[in-house]
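Please open the model in your viewer and keep the sequence panel beside it. The tour moves from the whole chain to chosen elements and then to single residues.

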Amino acid sequence: MEQEKEGLREIIRDINNKNIFNFLTDEGLLPNYAFPEAGVTLRSMVLRKLRPKQGANGKRYEVLTMTYERPSQVAIRELVPSGVFYAEGRRVKVDQIDLKLSEPQEWRICRSCSYATESFQPEAHQKTCPRCNDTLWSDKGRLRTMLRLRQVMATTADQTSRLTDDSEDRKIEFFEKQLLVDFLPEFREQTFLINHPEFPFGFEYISRTKFREINLGESLSTGETVEIAGKKFTTKGFTVCRSCGKVIDRNKDHAQNHAISCQWRDKPDQVKTIEVLYLYREFESESIRFLMPDESFWTPEGLHSFIAALQLGLKEKFRGKVDHLRTTISEEPQPESNLRKSFLYLFDSIPGGTGYLRQLIRQPQELQEVFLQALEKMRTCSCKERHQDGCYQCIFAYRNSFYKDYTSRKKAESLLGKLLNHWSELKDHSEGLSAIRVNSNLESELERNFIKALSMRTDLVLKPEIIDGKTAYFIKLKNSAWIVETQVTLDEKDGVTIPCRADFIMRPASSRVESLPVVVFTDGWEYHRDRIKEDFQQRQAIVRSGRFWCWSLTWDDVMKQVNRSHRTTNPPPDSFRQDLNNDKFRKCGGSFYKRYDCEGMQLLESQDSFAWLMSYLDQPQAQNWQRWALLRTLAQGSPANNKSPEFLGRMETRLSPEAIALWEVPPTYVIGEVCISESLQIFTLVDLKRNHEKNATGSLVCLELDDQQEDPGSWREALRSLNLYQFLPHFYAITTNAAPEISLATPGSIVQSPLENTDPRWEELRELVIEESLFPAIDRMSQENWPLPQAGYELLSDRGSVKAIGELAWEETQIVVTLTPEDNEAFIAAGWRSYLVEDFLKKLTINN
């Protein structure tokens with residue numbers, strides 16, 4: 001008690017001695033150019049016990065009082081309960097919050113967007129969120145106790161506070177934090193937009209933007225989960241005494257958890273605590289927010305390279321330091337959707353703003369000049385001559401050194417070049433960016449989450465790569481390795497009759513992986529609900545090419561991997577449920593799996609499309625999936641109906657007489673007509689003889705989805721079924737809205753497709769090739785109209801020396817045939833899909 005009294009007296013003396021101007025700047029009444037935003041004060045009291053001869057006037061303790069001030073953006077991470085502060089050779093632990101400088105208040109915080117308000121405000125009593133119309137806004141779970149961090153205290157014994165050699169290793173506490181960026185619509189002053197479906201870039205000036213950063217306490221593996229601005233956190237907040245603000249430590253005696261002046265220090269039965277307290281800081285300033293055009297701007301390398309280029313341009317534009325102009329990322333929900341839009345904010349960290357950003361928004365040319373100057377600085381930098389991908393004279397900056405590994409001059413040049421090529425399309429837009437439904441941005445969000453889902457898995461290694469100047473990834477599983485390319489266009493040169501842009505293509509990274517490349521689509525219901533028919537036709541065209549497999553994933557498939565607590569809004573019906581199987585299969589299902597040599601597939605019945613994709617990538621054996629698909633048609637067939645001309649006629653109407661004839665209808669067959677849901681049906685024809693022989697042509701499958709119904713669950717299950725039945729050559733996916741004149745791609749059109757090629761370049765290629773065993777392969781590729789490869793392709797190092805030679809190479813798709821194992825390994829290391837000659841010939845089933 002004596003210690004605390006002396007400590008309080010010392011604090012009072014310190015306050016009385018404080019210069020009036022220092023006080024006014026601390027309170028934010030005068031500008032503080034060191035900390036433009038009001039700082040946070042730590043008052044540290046170090047108690048030293050005096051020896052009998054030292055103590056004057058009978059004093060037993062000496063109190064050393066030290067005051068430190070930190071910028072609030074630092075303090076919200078460090079000067080919090082249980083936070084440890086190091087200074088002047090001492091280590092002190094924050095154990096008290098000043099509840100009188102700023103009182104705890106109840107706030108209502110939206111779970112979906114960045115809006116938050118005190119509970120006494122009228123907006124807190126609306127039924128839905130004033131910003132995003134979230135219907136759970138009025139739920140009690142949205143209420144939280146928060147306190148604006150202004151001043152904290154730490155009381156420490158002199159001996160325990162001193163740093164020694166063996167205590168120099170600093171312990172770092174991990175706290176969960178969330179930055180909320182919000183503004184009133186009336187403060188949006190001007191918006192510019194490129195209204196282009198493939199390049200939706202825009203920016204807008206917001207004169208008053210509120211930035212509120214919340215510290216939610218230590219991160220926990222288990223406990224209460226709170227959802228804020230679309231993210232879920234498991235924390236315990238901070239627990240303090242409601243009277244004195246002392247941090248409650250359950251391992252201490254009651255008296256030690258309360259200050260000497262606390263009304264409950266000697267009344268443990270009456271004590272009142274704030275069990276879950278959040279701390280926050282906030283300020284208002286001007287900002288410009290950017291809507292980024294495509295996924296290349298949102299990859300880690302793309303994002304940090306763009307930010308670095310933006311900061312470089314600002315420095316060149318204003319001819320000096322612009323450290324007060326900073327960036328952050330914020331998300332907001334897309335109306336009537338599970339998807340979210342991401343924005344990059346450029347903001348002034350000085351409260352109220354300095355006017356720099358307003359100057360940039362007067363005309364689009366002002367901001368264009370920022371990017372032009374950054375691009376010119378990078379293009380003329382001497383680091384290019386040194387074959388360096390950036391330096392501290394151009395793209396690198398000391399304040400961004402943490403992201404240096406993700407910062408690339410080449411990438412920044414590419415992004416700014418792309419941006420400036422479209423700059424002339426910018427138009428003044430009356431609506432804000434929040435009102436713009438930009439599908440590509442939403443799809444990019446899902447694509448980013450797909451890569452994140454891969455990176456979170458413990459059964460694979462994911463590494464970023466650059467292929468042909470584009471972002472790519474290398475993934476290694478237990479039994480295989482793949483190169484993942486992003487945003488790849490497929491058209492007739494790839495054998496795909498209906499052009500499309502694939503989100504990802506996964507190509508085997510080694511000739512040991514015997515699989516076709518896997519095309520992956522990540523689909524959000526909001527964008528694809530009105531184009532289901534087109535999606536079905538495109539994806540069947542990809543498989544019908546005979547050059548790819550095709551996998552479709554939905555928002556729920558991906559988000560379940562990123563967030564284990566994710567709940568599906570519209571659960572899909574299960575096309576594998578037992579009541580849809582015939583009696584014989586229900587009784588002897590296990591023996592059927594054994595007979596069809598696909599026992600391992602039975603475990604996948606209850607799993608989603610993402611799990612199926614991971615299973616295939618690890619064990620890419622198409623025959624297993626083919627046999628499983630044959631087995632499923634048998635399981636849901638009706639043995640009693642071994643011939644039905646009426647059903648056959650309906651199938652001809654549903655597809656076409658040609659499609660049925662191509663299947664080669666046997667004298668007797670089993671039909672299947674399974675209603676998965678009101679919107680989804682699967683029709684099958686099974687030739688028992690071919691099916692039992694495990695002949696892939698033994699079953700014909702037609703999946704039909706009613707696309708007039710708002711049924712995202714059935715749509716998701718239809719895509720899952722498509723992922724399986726694609727392994728059967730006679731598989732069709734249609735919608736009830738499919739126009740009769742639409743010509744369906746059929747297996748027959750692929751089988752009958754060898755074309756005579758008279759292009760003289762193939763003969764020239766034959767003369768250039770050294771390895772004669774490749775001649776039959778060249779003849780076959782010529783007849784089948786393959787893309788023309790290069791002969792004697794040289795793989796160069798960064799310095800221009802030849803690292804390896806490929807006998808045949810397709811540079812655009814990075815596929816190569818090599819003569820030696822050394823060349824083969826060099827191409828694989830460079831991200832190519834490489835084959836030795838014998839492996840290539842074996843894959844083409846050509847004998848020497």
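What follows is a series of selections, each with a short account of what is found there.

**The whole chain**

Begin with everything displayed, bearing in mind that this is a predicted model. Colouring by secondary structure should bring out 24 helices and 33 strands, and of the 848 residues of the chain, 53% count as buried. If you draw the surface, the chain exposes about 40,700 Å², of which carbon and sulfur atoms supply 47%. Among the contacts with a separation of 6 or more, 67% are accounted for by residues 24 or more positions apart.

**A pair of helices**

Next, select residues 364–379, which form helix α7, together with residues 409–421, which form helix α8; the two pack at an angle of about 145°, and their axes are 10 Å apart. Viewed as a pair, α7 passes α8 in a left-handed crossing. To see the contact itself, show side chains on α7 for Gln 368, Phe 371, Leu 372, Ala 374, Leu 375, Met 378 and Arg 379, and on α8 for Arg 409, Ala 412, Glu 413, Leu 416, Leu 419 and Leu 420. Sorted by class, the contact of α7 with α8 comprises nine nonpolar, one polar and three charged residues.

**Phe 297, in a loop**

Keep α8 on screen and add Phe 297, which is placed in the loop between β16 (273–291) and α5 (300–318). Is Phe 297 buried or exposed? Its relative accessibility is 0%, and because buried means under 20%, Phe 297 counts as buried. Expanding the selection to its contacts beyond four places in sequence brings in Phe 199, Met 292, Gly 302, Leu 303, Phe 306, Leu 415 and Lys 418. A distance drawn from the C-alpha of Phe 297 to that of Ala 412 should read 9.4 Å, although these two residues are 115 residues apart in sequence.

**A four-stranded sheet**

Move on to the open sheet whose four strands are arranged in the order β26-β27-β28-β29, with mixed pairing. At its edges are β26 (670–675) and β29 (731–735), each of which pairs on one side only, and from one strand to the next the twist averages 15°. Select β28 (residues 699–705) with β29 and you have two strands that run parallel and are joined by five bridges; within this pair, Cys 702 stands opposite Tyr 732 in β29. Then add helix α19 (residues 712–725), which packs on the sheet and touches β27 (680–686), β28 and β29, its direction making about 160° with that of β28.

**Gly 495, between two strands**

Now centre on Gly 495, in the loop between β22 (481–490) and β23 (500–508). This glycine is partly exposed, with a relative accessible area of 24%. Leaving out residues up to four places away in sequence, Gly 495 touches Ser 545 and Arg 547. Gly 546 can be added as well, since the C-alpha atoms of Gly 495 and Gly 546 are 7.8 Å apart in space for a sequence separation of 51 residues.

**Thr 818, in a strand**

Finish with Thr 818, which lies in strand β32 (residues 815–818). Thr 818 counts as buried, with a relative accessibility of 0%. Which residues is Thr 818 in contact with, leaving aside its neighbours within four places in sequence? Selecting them displays Ile 805, Gly 806, Glu 807, Asp 823, Asn 824, Phe 827, Ser 834, Tyr 835, Leu 836 and Val 837.

Note on methods
Residues are numbered from 1 along each chain as its sequence is written. This is a predicted model: local features need pLDDT of at least 70, side-chain atom pairs count only at pLDDT 80 or more; totals for chains, interfaces and linings use all residues. Side-chain values use heavy atoms; hydrogens and water are left out. Axes are lines fitted to C-alpha atoms, for helices over the stretch in contact, and angles run from 0 to 180 degrees between N-to-C directions. A crossing is left-handed if the near helix is turned anticlockwise from the far one by less than a right angle, and right-handed if clockwise. Contact means heavy atoms within 4.5 Å. Ala, Val, Leu, Ile, Met, Phe, Trp, Tyr, Cys and Pro count as nonpolar, Asp, Glu, Lys and Arg as charged, and the others, Gly among them, as polar. Buried means under 20% relative accessible area, exposed over 50%, partly exposed in between (1.4 Å probe, protein chains only). Accessible areas come from the Shrake-Rupley method with a 1.4 Å probe; for residues, only the protein chains shown count as cover. Two strands pair if DSSP finds at least two bridges between them.
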